Amino acid sequence: MFDFAPAADADKTTLYDDLLSAADALTAGETDTVANMANISALIWQFLPDLNWAGFYRMVGGELVLGPFQGKTACIRIPLGKGVCGAAAASGDTQLVEDVHAFPGHIACDAASASEIVVPVIRDGKVVAVLDLDSPLPARFDEADRAGLETLIDRIGSRLA
């Protein structure tokens with residue numbers, strides 16, 4: 001049994017270091033990608049404040065299909081290039097959006113979402129999934145979040161695809 005918890009009053013650097021250590025320990029040696037996505041979603045939900053959704057969309061048949069997540073029910077399928085997740089999957093680049101209502105083509109699965117960050121999971125040069133985090137707070141995510149989440153996906157991405 002694992003009992004991971006963020007350090008009390010940790011700054012973002014420490015928080016992401018602790019999250020990365022927990023994610024690495026939890027997924028080490030596990031080959032089931034769905035199980036790993038489920039546990040990473042739960043860790044992120046536990047470690048990062050002010051989220052209303054944290055999870056994955058998997059690339060299936062040329063579109064994004066809902067994977068393991070924490071939060072309210074979500075859109076099941078997202079075409080490439082549509083919304084923040086589709087933009088990340090199409091470009092292969094992290095999308096950091098301070099105001100989702102200003103993002104062209106934003107898909108509102110939860111009307112309470114105000115900001116979003118989406119990090120692509122790339123394997124053998126192809127996007128195989130995306131990590132999606134939503135917040136009800138405008139501009140919740142910043143460059144420290146981008147760096148922390150990209151490092152997380154770089155480290156454990158092979159365990160998610």
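Let's start at a single pairing: V118 has D132 in strand 6 as its bridge partner. Keep in mind as you look around that this is a predicted model. V118 and D132 are one small part of the contact between strand 5 (residues 115-123) and strand 6, which run antiparallel and are joined by nine bridges. Follow the chain from one strand to the other and you trace a hairpin with two residues between the strands. In that turn, D124 has a positive phi of about 50°.

Strand 6 also pairs with strand 1 (residues 53-60), again in the antiparallel sense, over six bridges. Here you can find R58 opposite A129 of strand 6. Strand 6 spans residues 126-135 and is mostly covered, with eight of its 10 residues buried.

Now for the interior. The largest nonpolar core has 28 residues, and I40, I44, L133, L149 and L152 have the most contacts inside it. Among the elements that give two or more residues to this core are strand 1, strand 5, strand 6, helix 2 (33-47) and helix 4 (143-156). Helix 1 gives the largest share, seven residues. To see how such residues meet, look at L152: its contacts farther along the sequence than four places include L19, L20, A23, I40 and I44. A second, separate core has 17 residues, and V118, where we began, is one of them, along with L66, A74 and F103.

Finally, visit the loop between strand 4 (95-97) and strand 5, where P104 is found. P104 counts as exposed because its relative accessibility is 68%, and the cut-off for exposed is over 50%. The C-alpha atoms of P104 and A114 are separated by 14 Å, with the two residues 10 apart along the chain.

Key: Residues are numbered from 1 along each chain as its sequence is written. This is a predicted model: local features need pLDDT of at least 70, side-chain atom pairs count only at pLDDT 80 or more; totals for chains, interfaces and linings use all residues. Side-chain values use heavy atoms; hydrogens and water are left out. Buried means under 20% relative accessible area, exposed over 50%, partly exposed in between (1.4 Å probe, protein chains only). Helices (H or I, at least four residues) and strands (E, at least two) are DSSP runs, numbered from the N terminus. Two strands pair if DSSP finds at least two bridges between them. A nonpolar core is a set of buried Ala, Val, Leu, Ile, Met, Phe, Trp, Tyr and Cys residues joined through side-chain atoms within 4.5 Å. Contact means heavy atoms within 4.5 Å.
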